[in-house]
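Dear colleague,

I am handing over the structure we spoke about, with the sequence alongside. Please look through it first, and then read the notes below.

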Amino acid sequence: MKKILYIAGEALPFASSGGLGDVIGSLPAALKAESDDDIRVILPLYSAVPEKFREKFEFIGSKDISLSWRKQYCGIFRYVYQGVTFYFLDNEFYFKRASLYGEFDDGERFAFFCRAALEILPDIDFFPDILHAHDWHAALSVIYLKRCYAEYDARYENTKAIFTIHNIQYQGIYDFAILGDVFGLMPSDREIVEYNGCINLLKGAIVCADRVTTVSPTYAKEILSPKFSHGLDNVLNMFSFKLSGILNGIDRDYYNPAKDKEIFANFSWKNPEGKAICKSGLQKMLGLPEREDVPMIAVISRLVSHKGFDLLMLAGDDILREDVQLVVLGMGDKSYEEYFTKLSDRYPDKCKTLITYNRDLSKRIYSAADIFLMPSKSEPCGLAQMICSRYGTVPIIHETGGLYDSIKDIGCENGGNGFTFAAYSAYEMLNSVRRACAFFKSDREGFKELSKKVMRVDFSWKQSALSYIELYNQLY
Ligand code: GLC
């Protein structure tokens, strides 16, 4: 039995801003189901963590954490959720904030978090065989482990570190002025974290980790090239021997159209009739014409550039000139929010834009739509293409990263499970949208069969969990 410790900036159902939260919220439980390993998770105790969980937390104790010249309080709480032990690190100065990230002192906040995560191990009596850190917020835990603990404290020396990149765009880049003063690193650590004249925490974790993974095999290859690496291809090529990609899964219980209470009617591939009720229910709710024969296209996403919205900005009018309905749910960059809001103003009985992040509403849309559009410029894994499939909504994707690894075009040899386009171009995307809509209109039965087929694709965590277990076994 191995001891595995996850360190991450977010996890559902406690606090989440996107796909990382889904993964940290469900992978540990999936690993537990496939092994007898002892898997625990450390998270910051943000003010966003709901009271209904907090009131059940067990207080383990508190201690002072040294961060360079600072001494900061750290409360330790424990909570067992779905059989997995979660620890929450409490410091209101750092984590009682309006948002999880994006604060001016994120570097200091997550340095405290990473330092504290290692410092509390004696208090929780858990020295892991494997420390598995996720994204730049947890990168310093890997750097600290290898540079500040392993050589000086025997209790830490056998811990192997895995670092998972969920999105290489976010790297934790800081001025060298804070190397010692905030991060508490020594001048001799400089070359470990230095990249392009700055501190780059992601780079430091790549150098220090025993293994580096990312969230799909294709993305693991893509980030070796400058087109996808956001500047880190040199480093990754140097360390490509420790890099691999494991595709994420989704929580099939949380996303289950047969049982979901948030949607207008339940359905499954065996009894798919409820999907039509979901569609008319959403049309009614949004004030769209209640038509069964019009293809409803959904977009559910953070509205940020790597999700491919520049293509939609070019092709939005062309799409809406056809007989379609388009529902957009998401929030993010103001330029995209404005574009989609204006688009729905121009086509009020065809297009609805909802500028919000609402998981219940997203399920209503996943269950109602016929087609799901995900034209990401790059996509480490992507979960929405898997979630929409679970709800029988046929994805259209740009062939990149995890999208390419999970969705194949219906024109391919074995029939495929969606519509795909290879070149990142508005024309190609439009072409796929037209192909999907034409199929929907010309062959209603055929499209229903396709919808049933995509519902049956197995995007569960099981396979990924087995791959992670294999990786852990290679290290320990
Ligand atoms: C990030 C990536 C997304 C991935 C998720 C979980 O949000 O952008 O592609 O699915 O992390 O790994």
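How do the residues of the shell around the ligand divide into nonpolar, polar and charged? Before the answer, please keep in mind that this is a predicted model, and that the values below were computed from it. The shell divides into 6 nonpolar, 6 polar and 2 charged residues.

Around the ligand there are 14 residues, and those that come nearest are His 166, Asn 248, Glu 379, Cys 381 and Gly 382. Three of these residues have a polar side-chain atom placed close to an oxygen atom of the ligand: for Glu 379 the distance is 2.5 Å, for His 166, where the atom is an N or O of the side chain, it is 2.6 Å, and for Asn 248 it is 2.8 Å. The protein covers 94% of the accessible area of the ligand, which on its own comes to 310 Å². As for where the ligand sits, the space that it takes is the largest pocket.

Turning to the chain as a whole, its secondary structure comes to 21 helices and 18 strands, and its C-alpha trace spans about 70 × 45 × 40 Å along the principal axes. The radius of gyration of the chain is 23 Å, which agrees with the value near 23 Å that a compact globule of 476 residues would have.

Two details of the backbone may be worth finding in the viewer. The peptide bond that runs from Leu 12 to Pro 13 is cis, with omega near 5 degrees, and Pro 13 itself belongs to the loop between β1 (3-7) and α1 (19-34). The other detail concerns Asp 125, a residue other than glycine whose phi is nonetheless positive, near 50 degrees; Asp 125 is found in the loop that lies between α5 (121-124) and β6 (130-134).

With best wishes

Key: Residues numbered from 1 in each chain as written. Predicted model: local features only at pLDDT ≥ 70, side-chain atom pairs only at ≥ 80, totals over all residues. Heavy atoms only, no water. Near = heavy atom within 4 Å. Polar contact = N/O pair within 3.5 Å; in protein donor to acceptor, adjacent residues only side chain to side chain. Areas by Shrake-Rupley, 256 points an atom, 1.4 Å probe, with all protein chains shown as cover. 1 Å grid on protein atoms, 1.4 Å probe; cavity = no way out; pocket = protein on both sides within 12 Å on 5 of 7 lines; lining within 4 Å. Sits in = over half its atoms within 2 Å of the grid points. Nonpolar A, V, L, I, M, F, W, Y, C, P; charged D, E, K, R; others polar. Helix = DSSP H or I, 4+ residues; strand = E, 2+ residues; numbered from the N terminus. Rg over C-alpha atoms; globule rule 2.2 N^0.38 Å.
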